Amino acid sequence: MKKLMTGNEAIARGVYEAGVRYASAYPGTPSTEILENIALYKDDIVAEWAPNEKVALEAAVGGSLAGARTFASMKHVGVNVAADPLFTYSYIGVNGGMVLLSADEPGMYSSQNEQDNRNYAKFAKIPLIEPSNSQEAKDMIKVAYEISEEFDTPVLVRTTTRLAHSKSGVDCYDRKEVEIKEYIKDVQKTVTVPAIAQKRRVIVEERSKKLYEFANKTNLNFSVINSTEIGVVTSGMCYNFAKEVFGDSVSYMKLGFTNPMPIEKLKEFANKVDKVFVIEENDPFIEEQLRANGIDCIGKDVFPPYGEMTPDVIRKSLYGESNETIDYKKDLVVPRPPSFCAGCPHRGFFYALGKRKNVVVSGDIGCYSLGFAGPYNSLDWIICMGGSLSAGHGAQKVFNMNKDNKKRVVGVLGDSTFFHTGINSLLDVVYNKGNTISVILDNRITGMTGHQDNPGTGYTLQGDPTTEVDIEAMVRACGVKHIRVIDPNILKEVNETLDWALALDEPSVIITRWPCALKKFSEEDKEEFKPLFTTKNRVDHDLCIGCKMCTKTGCPAVVFDHEKKKSNIDREQCVGCNVCAQVCPKDAIVKEEN
């Protein structure tokens, strides 16, 4: 059976066909859809969202030790969070096969940095596999489990955004049932106290030698000889990019298994061509190993070390030109920066917060990252998941030292991010007697990555009702005494609460509780958040004076008619949050029945 699949869908299919029993992940673009598609195989695979990537990998490690084939996936920065168990599990080895997928993002379309996670495979001394299309993505996942069990090692599979979200044909087959292996206690293998880990370190090196032999034999690495003039060494999506530029005019060394690097095969290939180009995203991972082994090549001295290595980038790097495209008047293109959706519960809070003086706002990863931009201009920095509260705590300690220029720090993060790593950061504030204001924007879902459930939603990934973690109770358990839960759409309430928190000299937490405007609601939600379903706003043009105050809330449903000098509200977008009405000086915005 052949299907048209994205790379992420194909990976999920490969996990299914490989007989995997357990999969865990934390959502993050471009990896999110992998676990969502694995979850569809509910009869065969237990698929779970974990609170963070470290927990996801640890859960997969535990399932592997217990004897099942397991899988964990995450975006590239998630592997930073999961690095601790990854490096140790390399020493331990597997019982059931275990695969970790890192979805890297050349170009940083949805990420705070650009990193090449192929380096993790070399650093952790584990095999690395790089598919180049959806068919390979599915097939290589199955091969990865064979390698994992044959060589007693976790395996890293690296994909990129273009592979994750582009589609191609995939031949699908039935699931291969793999029996759960017997668990036999073996502390000399699995308990990594120093005396045992030292012995396992030697075994890791022995395994690396065997994997090197495998790398030079496997058909995951192959060459295509078309010309003796130029040879291109490449891996992953770059193989397709290079093929589009050069076609059959050059020879190719296509690498699918890149750690350990198949140096013998590469030397053999290099000897057949006059000149070697290395085309890869992003670091000179392949290039450095070629040069270290005496293979002369052209790589990052010509091609950029960042961004996607698309055909246009390759052409410009080599020939100084790109393919002809349709010309257009670029000055007529209106920039469309991302913005909060109409009715987003973050809007009212950031509208109020952005007007505060001598307040520094420590931001985090989520939809609310957009609070940095106009018209709010609220955030001062964003570092990493869960980093807002701890970075804010450190900043506040320093600001407290400057008695002539007192500033107060507000740390802001979402509900899913709070569960991810924000709890640890809040503990830091409390334990070390900080006085920052910590704000948890509880929109009842993991919003930015597409509405995945989390420990605060009451449902699991596969739709089962579960315990809903009470954020207020969790905060209180961390030792916070000053807590308020507010509706962020009521500006008076937001301002009064900010005044209350800023007057304190102890840790305080504000929880803004209102659902994402795009959330799929349960019947209980519909009753609790009834205004979202009963009213909308409209502008009374007889009262509107065209002051544009309503447009300064940043809501895309509010549109100003420059000809009539009046504001309008798009009824299709409006959800009746009423933030615009609260800033209107003439009460020209009124509610009407939905």
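How many salt bridges does the count come to in this structure? The count comes to 35 salt bridges. Before I go through a few of them, keep in mind that this is a predicted model.

Okay, salt bridges. Let me start with K142 and E17, where the closest N and O atoms are 2.9 Å apart. K142 sits in helix α6 and E17 in helix α1, residues 7-17, so this pair ties together parts of the chain that are 125 residues apart in sequence. Now, is E17 buried or exposed? E17 is buried, because its relative accessible area is 0%, and the cut-off for buried is under 20%. K142, on the other hand, comes out at 23%, so K142 counts as partly exposed.

Next one: D139 and K138, whose side chains meet in a salt bridge at 3.5 Å, N to O. Here the lysine, K138, is buried, with 0% relative accessibility, while D139 is partly exposed at 30%.

The third bridge I picked is R200 with D152, and its closest N and O atoms are 3.9 Å apart. Where do those two sit? R200 is in helix α9, and D152 is in the loop between α6 and β7, which covers 155-160, so the pair ties together parts that are 48 residues apart in sequence. R200 is buried, with a relative accessible area of 8%, and D152 is partly exposed at 23%. There's also a network to look at: D104, D116, R118, E130, R158 and E280 are joined into one by salt bridges that share partners.

Right, on to the aromatics. How many aromatic pairs does the structure hold? It holds 11 of them. Take F151 and F214: their ring centres are 5.5 Å apart and the planes are at 65 degrees, so this pair is edge-to-face; the angle has to be over 60 for that label. This pair links distant parts of the chain, since F151 belongs to helix α6 (residues 134-151) and F214 to helix α9 (residues 194-215), with their positions 63 residues apart in the numbering. F151 is buried as well, at a relative accessible area of 12%.

Compare that with F418 and F419. Those ring centres are 5.9 Å apart with planes at 55 degrees, so the pair is tilted. Both residues, F418 and F419, are buried. And if you want a whole group of rings to click on, F340, F349, F350 and Y376 form one aromatic cluster.

Let's go out to the surface. Which residues form a positive surface patch? The patch is made by K355, K357, K548, K552 and K565. K552 lies in the loop between β20 (535-539) and β21 (558-561), and K552 is partly exposed, with a relative accessible area of 45%. K565 is in the loop between β21 and β22, the latter being 566-569. At 55% relative accessible area, K565 counts as exposed, because the line for exposed is drawn at over 50%.

K565 also brings me to the backbone. K565 has a positive phi of about 55 degrees, although it is not a glycine. N578 is another residue other than glycine with a positive phi, near 75 degrees. N578 sits in the loop between β22 and α21, which is 579-583, and N578 is partly exposed at 22% relative accessibility. There's a glycine to mention too: G294, just after α12, takes a positive phi of about 75 degrees.

As for helix α12 itself, residues 285-292, which residues there are buried? They are F285, I286, E287, Q289 and L290. When you look at that list, remember that an α-helix has 3.6 residues a turn, so residues three or four places apart point the same way.

Last thing, the cis peptide bonds I wanted to show you. The bond from T29 to P30 is cis, with omega near 15 degrees, and P30 is in the loop between β2 (22-25) and α2 (32-38). The bond from N259 to P260 is cis as well, with omega near -5 degrees. Where is P260? P260 lies in the loop between β12 (257-259) and α11 (263-270).

That's my tour, so over to you.

Key: Residues are numbered from 1 along each chain as its sequence is written. This is a predicted model: local features need pLDDT of at least 70, side-chain atom pairs count only at pLDDT 80 or more; totals for chains, interfaces and linings use all residues. Side-chain values use heavy atoms; hydrogens and water are left out. Patches are made of residues with over 30% relative accessible area and no salt bridge: like charges are joined within 9 Å, nonpolar side chains (Val, Leu, Ile, Met, Phe, Trp, Tyr) within 5 Å. Accessible areas come from the Shrake-Rupley method with a 1.4 Å probe; for residues, only the protein chains shown count as cover. A salt bridge is a side-chain nitrogen of Lys or Arg within 4 Å of a carboxyl oxygen of Asp or Glu. Lys and Arg count as positive and Asp and Glu as negative; His and the chain ends are not counted. The place of a charge is taken as NZ of Lys, CZ of Arg, CG of Asp or CD of Glu. Helices (H or I, at least four residues) and strands (E, at least two) are DSSP runs, numbered from the N terminus. Buried means under 20% relative accessible area, exposed over 50%, partly exposed in between (1.4 Å probe, protein chains only). Rings of Phe, Tyr and Trp (its six-membered ring) pair if their centres lie within 6.5 Å; planes under 30 degrees apart count as stacked, over 60 as edge-to-face and the rest as tilted.
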